[in-house]
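This report looks at a group of aromatic residues and then at the surroundings of a bound ligand. Please keep the sequence and the structure at hand while reading.

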Amino acid sequence: MRNKIYFDYAATTPVDPRAARAMAPYFSEKFGNTMSLHNFGQEAKNALEESRQIVADLMGAKQNEIIFTGSATESNNLALKGIAFANKNKGRHIVISPIEHPCIMESAKWLEKQGFKITRLPVNKYGLVSLGDIRKSIGKETILVSIIHASNEIGTIQPIAEIGKICKEKGVYFHTDAVQSFGKIPINVNEMSIDLLSASSHKMYGPKGAACLFIREGVGIEPILHGGGQESGLRSSTVNVPAIVGFAKACQICKKEMEKEGVRLAKLRDKLINGVLRKIPNSYLNGPPAGLLYPSSSEASEAGHPKKRLPNNVNFRFDFIEGESMVIQLDLLGVSVSTGSACSSVKLEPSHVLLATGLKHEQAHGSLRVTLGRWTKESEIDYFLKVLPPIIKRLRRISPFKNYGK
Ligand SMILES: Cc1ncc(COP(=O)(O)O)c(C=O)c1O
């Protein structure tokens, strides 16, 4: 039997063996609590601070600007609620996009119930927000703009430096959810005028259970967890040192390999996109067109340019069939893909991201997300291109939507 093919790197990634090796001593040998004064504690504390420096380096931040959390869901909750409650006397208006991850969407909804006003800006058919809309949405009451850096579903990379510039000019905080971009494309919090940034270890070949929130020096934030005062009082909890050490090692590896890996993956991505669109009639690409190999931060200045897609993201749409049936058929052949984000795939609701780009319910239902990563080989793309067309043909033949493909 053929080896399994994993094409769901946006949901989670395997831990790189180099990160796993770096973590190993911190389970049973160097297991101290970072708050303890004795040698075990100090050893753990040193590992924590070294890790903080390494994570900070990958985004051009200072060591003291990184807070470790347990997940990006937690980082995003802390960013939104923490800024909201620290600034509630200044203003109560927050701006987000309609293609944020559920942890931003739901935090915003919860804040609405607490009396905050949320503006959800529209996006164009590629999932891009308009800089003009951002500018217009910021008023006297606005305290925060939070826009996802790269979409977990359709891979759209927002003009983050331009958005940061507008927020800086207008004197409002700017948060970005960089979970899908951190370690994959260059990020510099200073060049991009970012005040807060969330990233997650398990999306970049580190372990689950570690994530971070960058908080620019001087930005006040209210904690949501109260307790022993770890992480400068912003995230009380005993620190998960092994996971953080693994996260830091994963950052080091990404820093070294990012550029080469980005080009390699973008080539595979484009081969996959071109192959599917050529071989399968009535198939479409959701999100920005392929073709731009490796967007750098300077390219962000061509705001609104549609060719801005993560190097590892592909999202297709096929007429007359449902994403779930494709996922099951591919899974039977050992190929793991998804219909959208891992969170939404269990809900069987059309993706809010695809709907926001203007797709109809039935179009969004016919979508398939294929995300590539460090262990993706060209032969796996070839295999996918071989097995997908007959699957689509078969599903269309039995589709209630249209008697297609006979
Ligand atoms: C864009 C984005 N933000 C936030 C999250 C949540 O991250 P975590 O799994 O670390 O809570 C995810 C994970 O799917 C994501 O893709």
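## Aromatic cluster and ligand surroundings

Tyr6, Tyr9, Tyr205 and Trp375 together form one aromatic cluster. The model in which this cluster appears is a predicted one, and the aromatic pairs that the structure holds number nine. For tyrosine 6 and tyrosine 9, the ring centres lie 5.1 Å apart and the planes stand at 70°, so this pair is edge-to-face. That label follows because an angle over 60 degrees between the planes counts as edge-to-face, provided that the centres lie within 6.5 Å. The two tyrosines are also described by their accessibility: tyrosine 6 is partly exposed, with a relative accessible area of 28%, whereas tyrosine 9 is buried, with a relative accessible area of 4%.

The surroundings of the ligand come next. Which residues come nearest to the ligand? Of the 14 residues around it, these are Thr73, Asp177, Ser200, His202 and Lys203. Sorted by class, the shell around the ligand consists of four nonpolar, eight polar and two charged residues, and its largest share, three residues, is contributed by helix α4, which spans residues 72-86. Polar side-chain atoms of the following residues lie at these distances from ligand atoms.

| Residue (polar side-chain atom) | Ligand atom | Distance |
|---|---|---|
| Aspartate 177 | nitrogen | 2.6 Å |
| Glutamine 180 | oxygen | 2.8 Å |
| Lysine 203 | oxygen | 2.6 Å |

Taken alone, the ligand exposes 390 Å², and the protein buries 90% of that area.

Histidine 202, which is one of the residues that come nearest to the ligand, deserves a separate description. Where in the chain is histidine 202 found? Histidine 202 sits in the loop that runs between strand β7 (196-200) and strand β8 (211-215). Is histidine 202 buried or exposed? With a relative accessibility of 18%, histidine 202 counts as buried, because the cut-off for that class is under 20% relative accessible area.

When residues up to four places away in sequence are left out, histidine 202 touches Ala11, Thr12, Thr13, Pro207 and Lys208. A further relation across the sequence links histidine 202 with glycine 246, since the two are 44 residues apart in sequence and 9.7 Å apart in space, taken from C-alpha to C-alpha.

Definitions and conventions. Residues are numbered from 1 along each chain as its sequence is written. This is a predicted model: local features need pLDDT of at least 70, side-chain atom pairs count only at pLDDT 80 or more; totals for chains, interfaces and linings use all residues. Side-chain values use heavy atoms; hydrogens and water are left out. Helices (H or I, at least four residues) and strands (E, at least two) are DSSP runs, numbered from the N terminus. Buried means under 20% relative accessible area, exposed over 50%, partly exposed in between (1.4 Å probe, protein chains only). Contact means heavy atoms within 4.5 Å. A residue is near a molecule or strand if one of its heavy atoms lies within 4 Å of it. A polar contact is a pair of N or O atoms within 3.5 Å; within protein, one must be able to donate a hydrogen and the other to accept it, and residues adjacent in sequence count only if both atoms are side-chain atoms. Accessible areas come from the Shrake-Rupley method with a 1.4 Å probe; for residues, only the protein chains shown count as cover. Ala, Val, Leu, Ile, Met, Phe, Trp, Tyr, Cys and Pro count as nonpolar, Asp, Glu, Lys and Arg as charged, and the others, Gly among them, as polar. Rings of Phe, Tyr and Trp (its six-membered ring) pair if their centres lie within 6.5 Å; planes under 30 degrees apart count as stacked, over 60 as edge-to-face and the rest as tilted.
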